[in-house]
Amino acid sequence: MTELEKGPKGRRRGRGARERILSASQQLFREQGINRTGMDQLCAAAEVSKRTAYQHFTGKDELVAEYLRRFDPSVLPGVFDRTDLTPRERLLAAFDIPPTTPLCPYIAAAVELHDPQHPASQYARDYKKAVATRLADTAREAGAADPEQLGEQLALLLDGAAARTRVLNTDAFPAAAAIAAVLIDNAIPATAGDERRREEVPS
């Protein structure tokens, strides 16, 4: 490493500094929370000076917002963009979450910040609305009579399962998936359900 790549006290700066800061924020914010993580600790973990950090981010608020933006920019593509599953299977796949998964970062950030006007809180709201929209779009593909309502119901169920899993230290997602299956089947008219079942039966 050259001297130009080092900041005060030999810390690294310049190329890659922004990514290191974001990587450190993803680890520390999830492990110990946003409020308990200070800029000094973040800079030490990222091996940058505070001056370098503030060259990339105007402050911690902007860093927290960018941290959330980096988590899932395409909104669950591993679920909704799958072509090997039927629409109904994609809806249920959204509940296939390992119990060891940390609390949803968007929920955690909104709870910690206590400020609806915070940039990260606004982004968390936008993300949660986007999840409900993708669920509704998939419900429409499945033939749901009221896809927007089903999307909101499933989104609420997902967030409830995530919070309950964390609070009780037990896996609430299997029960949530079972409830989701009932909601989905009740929302799909019999004719659409019959067509879906015929599509799912192997030829």
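Trainee: Hi! Where does Gly 16 lie?
Mentor: Gly 16 sits in the segment before α1. Keep in mind that this is a predicted model.

Trainee: And is Gly 16 buried, exposed or partly exposed?
Mentor: With a relative accessible area of 34%, Gly 16 is partly exposed. Its C-alpha atom is separated by 9.9 Å from that of Ala 46, and the two residues are 30 residues apart along the chain.

Trainee: Okay, switching to pockets. How much space lies in the largest pocket?
Mentor: The largest pocket holds about 960 Å³. It is lined by 43 residues, and the closest to its centre are Arg 30, Pro 102, Leu 103, Cys 104 and Pro 105.

Trainee: Which elements give two or more residues to that lining?
Mentor: Those are α1 (17-32), α4 (60-71), α7 (105-113), α8 (119-142) and α9.

Trainee: What's the lining like by class?
Mentor: There are 27 nonpolar residues, along with ten charged and six polar ones.

Trainee: Why does the pocket lie between domain 1 and domain 2?
Mentor: Because domain 1 (17-59) and domain 2 (72-187) both give residues to its lining.

Trainee: You mentioned α9, so let's go to Thr 165. Buried or exposed?
Mentor: Thr 165 lies in α9, which covers residues 147-168. Its relative accessibility is 8%, so Thr 165 counts as buried, the cut-off being under 20%.

Trainee: What does the side chain of Thr 165 reach?
Mentor: The backbone nitrogen of Ala 172, at 3.0 Å. Leaving aside neighbours within four places in sequence, Thr 165 is also in contact with residues including Pro 99, Thr 170 and Phe 173.

Terms used:
Residues are numbered from 1 along each chain as its sequence is written. This is a predicted model: local features need pLDDT of at least 70, side-chain atom pairs count only at pLDDT 80 or more; totals for chains, interfaces and linings use all residues. Side-chain values use heavy atoms; hydrogens and water are left out. Helices (H or I, at least four residues) and strands (E, at least two) are DSSP runs, numbered from the N terminus. Buried means under 20% relative accessible area, exposed over 50%, partly exposed in between (1.4 Å probe, protein chains only). A polar contact is a pair of N or O atoms within 3.5 Å; within protein, one must be able to donate a hydrogen and the other to accept it, and residues adjacent in sequence count only if both atoms are side-chain atoms. Contact means heavy atoms within 4.5 Å. On a 1 Å grid over the protein atoms alone, a cavity is a set of points where a 1.4 Å probe fits but cannot get out, and a pocket is an open set with protein on both sides within 12 Å along at least five of seven lines; lining residues have an atom within 4 Å of a point. Grid points are joined across faces, edges and corners, and a volume is the space filled by probe spheres set on the points. Ala, Val, Leu, Ile, Met, Phe, Trp, Tyr, Cys and Pro count as nonpolar, Asp, Glu, Lys and Arg as charged, and the others, Gly among them, as polar. Domain bounds come from an automatic or database domain assignment.
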